[in-house]
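Q: Can you walk me through this structure? Keep it quick, please.

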Amino acid sequence: MLVTDSEQRGLIHAFLLDGSGGARVIAYDDLAGLQLSENESLWLHWDRSHEKAQAWLRTQSGLSAFACDVLLEENTRPRMLTLPREELLLFLRGVNLNPDAEPEDMVSVRVFADPRRVISLRLRPLRSIEVVIQLLAEGRGPKTASELLLYLAESMTDRVDDLVAQLAERVDAEEEELEGNERYTPEHDSMLALRRRAAGLRRFLLPQRELYGQLTRSRLSWFADDDAEYWNELSNRLMRYLEELDLVRERINLVLESEQRRLSERMNRTMYLLAIITGFFLPMSFLTGLLGINVGGIPGAENPYGFILACLIIGTVALCQWWVFRRLRWL
């Protein structure tokens, strides 16, 4: 694959939003003398691990040293910081859908935004970014910097929706199999891993819901009038996903409890059956042991019908036991 000069400098994507839902690609060399027209906004997406990207951010972006330090720090907890001149720093977090990656191994995008410019940084590829780029290519993308933030957040939230749906479907399948097949045994380790995944996702996504709430209450002048409604909708969606993750964890616990109850019932039935068998054969074992003693004087030893008589006695004892067990409803 051909590597462009922009990519060699750590610039992954650079777009000039035209204010109508479309954008045109610009190169790294165009940044120095770039002049924005009235309706245009700039979006730069960088690889924050690239040394040249870090150098550009500190020397040519115009951002303060504090803003650069925050954007390049290792902590990725979702949060929002307001800066002077109505500038904004956002840390957004999403699920990792890259090949051979665990979804709960979260990926993040750090964003600096002002009324006409958005600078985003990532460490690993994000499919959410590609979705926004595709919308821009189709002319249905964000028109302003504030809309771009919304599109990024919405795209990352959509990825959460897909993953939560997959987790819920797996639990549905386990519950249906457990109800339809009495001999089915859920894989314990798999269920525990699924519960840990749901708990991990909830832990990492809860701060983002709080972030959306903060953006709902934000009063930056360059936010559109209806932006608060969209941020509130994203907050409600994420809250619904968090509740679904809680429900997934509870349902997994119920599946495990149901299986434990089945195992306990099987064990109880087995022990009950063994107790019945032991009680049933105990008297007969006593009689046969008594009659099997190799000493003289056993009644019927000289009688040719002694063996038949002993069998009849043992059979009678067995029938009496069966009748008693039936009366006691043990059988």
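What follows is a short chat about the chain, one helix and one of its residues.

Q: What kind of model is this, and how are residues numbered?
A: It is a predicted model, where local features need pLDDT of at least 70, side-chain atom pairs count only at pLDDT 80 or more, and totals for chains, interfaces and linings use all residues. Residues are numbered from 1 along each chain as its sequence is written, and side-chain values use heavy atoms, leaving out hydrogens and water.

Q: How many helices and strands are in the chain?
A: Eight helices and seven strands. Those are DSSP runs, numbered from the N terminus: H or I of at least four residues for helices, E of at least two for strands.

Q: How much of the chain is buried?
A: Of its 331 residues, 40% are buried. Buried means under 20% relative accessible area, with a 1.4 Å probe and protein chains only.

Q: Switching to α6. What is its span?
A: Helix α6 covers residues 188-216, 29 in total. From first C-alpha to last it reaches 42 Å, close to the 42 Å expected at 1.5 Å a residue. That expected span is 1.5 Å times one less than the number of residues.

Q: Where is the kink in α6?
A: At Leu205, shortly before the proline Pro207. The kink is about 30°, taken as the angle between axes fitted to the seven residues ending there and the seven starting there.

Q: And Gln208, also in helix α6: why does it count as buried?
A: Because its relative accessibility is 2%.

Q: What does Gln208 touch?
A: Pro78, Leu92, Arg93 and Leu238, leaving aside residues up to four places away in sequence. Contact means heavy atoms within 4.5 Å.

Q: Which atom of Arg93 lies 2.6 Å from a polar side-chain atom of Gln208?
A: The backbone nitrogen of Arg93.

Note on methods:
Buried < 20%, exposed > 50% of the residue type's maximum accessible area, 1.4 Å probe, protein only. Polar contact = N/O pair within 3.5 Å; in protein donor to acceptor, adjacent residues only side chain to side chain.
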